[in-house]
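Work through the exercises below with the sequence and the structure in view. Each task is followed by a solution in steps.

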Amino acid sequence: MPLSFLGGLFGGGKDRNNDSDYEDKKRSKGAGPKIVPLAPPLKQGMIKCPYCFNVFSHDDVHFKAMTLKESASWGNADDDFGVEDDDFDPFGDSAEKEDTADTGDKSIDELFEEKEDPQFKSFWSNFANELVWRYANYPVITKDDTRMMRGTYHMDSNGFVDSVTDFYGVETKERICPHCHNPLPPNYGKYQVHFIATVGITSSGKTVYLSQLLKGMNKYMDNVGLVPLDMTPVNKQFIEEHPVKMDVPLPQGTVPGALTPPLFYVLIKGGVYHTLVFYDVAGESCVEVDELNKYGGFIRNADGIIMILDPHQFSLINTSDDNVIHPTAVIQAMFNAFLGGKGQGQQLGIPLALALSKSDTLEDEELISPNSNIFRDLVYDSRRKGFDVQQYRNLMGEVRKFLNGMTEGSLTINAINEFFANTGLFAFSALNCGVKVEERMIDGEMKKVAMPVAHPNPRRIEEPLLWMLSEFGIIPKIGQPQR
Ligand SMILES: Nc1nc2c(ncn2[C@@H]2O[C@H](COP(=O)(O)OP(=O)(O)OP(=O)(O)O)[C@@H](O)[C@H]2O)c(=O)[nH]1
Ligand SMILES: [Mg+2]
Ligand SMILES: [Zn+2]
C-alpha cells in the first residue's frame, strides 16, 4: 500500500554533511579522510527496531494478542502468570484483557495460551536484565497466521498499520518487532526516527544527565519552538528510578551488562513530527571489547552521539598509573564499533557532541575564568527560536581552551577530530550544586552515596541536544539574540 499520505508527517531532513564556520570540526579537503556518509532516512512506512535495529515494513509488524486462554500447564483460570493487573505496562495502549467466549475450538484456544516468547527471550539473554513487560508472554499474532485474527491488519487514517482484531473479536494495539518481539511504542516508526546514544566511562554522569534532561524536556523544547510528547510512561519511570533531588541519594551506577530501555519522544513543529530515541549505555559497555559486541548496535545505529566526560577524569589520569580509561579509548572504541576496525582513512559523518559534565566542580579551576560562559545559563530569545550559534561559539572556544591546556584534553580533541567530521564541544552541570557523600545501608550493604546539598538546578544541560537537533534539521540555527 502506498504511504504517500504519510508525507507531511516526516521531517524534511536536511543534508547533515553541510559545513559551517563555527563548529569545532576538521575540514576534509583534497586527500583528507573520506567521510562515512550518514545513513539515508528510511523510506516511508519502513521501521527500524529500536532494540535489534532490523528494518521492516510497517505492515510486517507482529502483535501481542490481548486474549489469553487457560493452559493446563500454566495453572488455574485466575492465574495471570505472575503478572498483576496493576503491573506496569511500559508501552500500554491496549484494550484490557477480556474474558472471551469459549469457542470450543481447542486448537485455536491453544494458540492463545500464554507461553514464553523465544524471540523476546533470546534478545534479552544477551543482557543482565530483561524488560519488565506485562505482555512479554502473551500470544503473538502475525499476518501469516490468519487463524488468529479477524480480517486483516487495521491501518490508521495515515495508512499506517496500528492494530488487529484477534479471532475472539478483541482488538490489540500492542505492536512488536517481528525479529526480536520487543514492544514498539504507539506511532513508533511513523515519523522519522533519530537515535541518540549517550556514552562515556563509568561515573562520567550519563544517567544523572539524562534524568535531568528528561525532567526539563518540556521547558527545553518549548524554548526552541518544539512541542514534545512522551511516547511511553518509560520516560517518567526513568526519572523516578534515577532521582536527582536535594538530600536524596543520586543513582548508583548503571548495572554493567544491563540494557536500560530506550527513552522515546515525539517532537512536533509546524505539523512535522520526529521521533527521538535516547539510550543510556553503561560505562563499561563503551570500551570493553566483549561488551561492545553486545552494545555495538546501539552505537553503530546512532544518528548522533553525546559523549560525556567528567573533567576530573583528566586529573585522575595524571595522578594514577593503573587501569584508568583514557577518553581517547572511548572515542576509538566508538569509531571501531561503527566501522568494525576497517576505519583507516575514514571519518564518521554523524554529529558527536563532546560534553564536559559536572561543570560546577570547575568553579575553582585556574584554567577557567570565573566569568566564563561555562558558568552561565543559556539565554533564549522568544522571537527567534532555535539553536543559538553565537552563545555556543563563545562556550565552545572556552571549552576548547580548557581542554587544550592539558595533554589528555588536547589528545581528546585531536582524537574526536581525527575520527568524526562533525563535532561540537559543550560543558554542563546536571546539578549545579554541591554534593555530600555519606555511608548508607543499601540492600544489606554499607555503600557510599552522593546527595545534592541543595535543589539541583541544571546549567546548559540542553545545549548538546539542541545542537544535535539543529544538525538533524529539526530546529534552525540562529545568530546572536537581541538582549
Ligand atoms: N558535582 C556534580 N556531580 C555530578 C554531576 N552529575 C553527576 N555527578 C556525580 O557523578 C556520579 C555518577 O553519575 P552517573 O550519572 O551515575 O554516572 P554514569 O555515567 O551513568 O555512570 P555508569 O552508570 O556507571 O556508567 C553521581 O552519583 C554524582 O555523584 C554534576 O552535574 N555535578
Ligand atoms: Mg549510568
Ligand atoms: Zn527488534
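## Exercise 1: a strand pair and its surroundings

Strand β16 (residues 352-356) pairs with β18 in the parallel sense over 5 bridges. Before starting, note that this is a predicted model, in which local features need pLDDT of at least 70, side-chain atom pairs count only at pLDDT 80 or more, and totals for chains, interfaces and linings use all residues. Residues are numbered from 1 along each chain as its sequence is written, and chains are lettered from A and ligands numbered from 1 in the order in which they are written.

Task: find which residue stands opposite G424 in β18, and decide whether the residues of β18 are buried or exposed.

Solution.
- Step 1. Helices (H or I, at least four residues) and strands (E, at least two) are DSSP runs numbered from the N terminus, and two strands pair if DSSP finds at least two bridges between them.
- Step 2. The residue opposite G424 is A353.
- Step 3. A residue is buried if 20 or more other C-beta atoms lie within 10 Å of its own, exposed if 12 or fewer, and partly exposed in between, with C-beta atoms placed from the backbone.
- Step 4. In β18 (residues 423-427), 5 of the 5 residues are buried, so the strand is largely enclosed by the rest of the structure.
- Step 5. T423, L425 and A427 cover one side, while G424 and F426 are buried on the other.
- Step 6. For the whole chain of 483 residues, 42% count as buried.

## Exercise 2: the shell of ligand 1

Task: state how many residues surround ligand 1 and which helix gives the largest share of the shell.

Solution.
- Step 1. The shell holds 23 residues (C-beta atom, placed from the backbone, within 6 Å of the ligand).
- Step 2. T207, G253, T254, G283 and A450 are the closest.
- Step 3. Helix α3 (residues 206-215) supplies the largest share, 3 residues.
- Step 4. In α3, 10 of the 10 residues are buried, so the helix is largely enclosed by the rest of the structure. Among them are T207, Y209 and Q212.
- Step 5. By class the shell has 8 nonpolar, 12 polar and 3 charged residues. Here Ala, Val, Leu, Ile, Met, Phe, Trp, Tyr, Cys and Pro count as nonpolar, Asp, Glu, Lys and Arg as charged, and the others, Gly among them, as polar.

## Exercise 3: two open sheets

Task: give the strand order of the sheet that contains β4 and of the sheet that contains β7.

Solution.
- Step 1. An open, antiparallel sheet of 3 strands runs in the order β5-β4-β9. β5 (140-141) and β9 (175-176) are at its edges with a single partner strand each, so one side of each lacks a neighbour in the sheet.
- Step 2. β4 (residues 62-64) joins β5 over 2 antiparallel bridges, and F63 has I141 as its bridge partner in β5.
- Step 3. Another open, antiparallel sheet of 3 strands has the order β6-β7-β8. Its edge strands, β6 (149-155) and β8 (171-172), each pair on one side only.
- Step 4. β7 (residues 161-166) and β8 share 2 antiparallel bridges, with V164 opposite T172.
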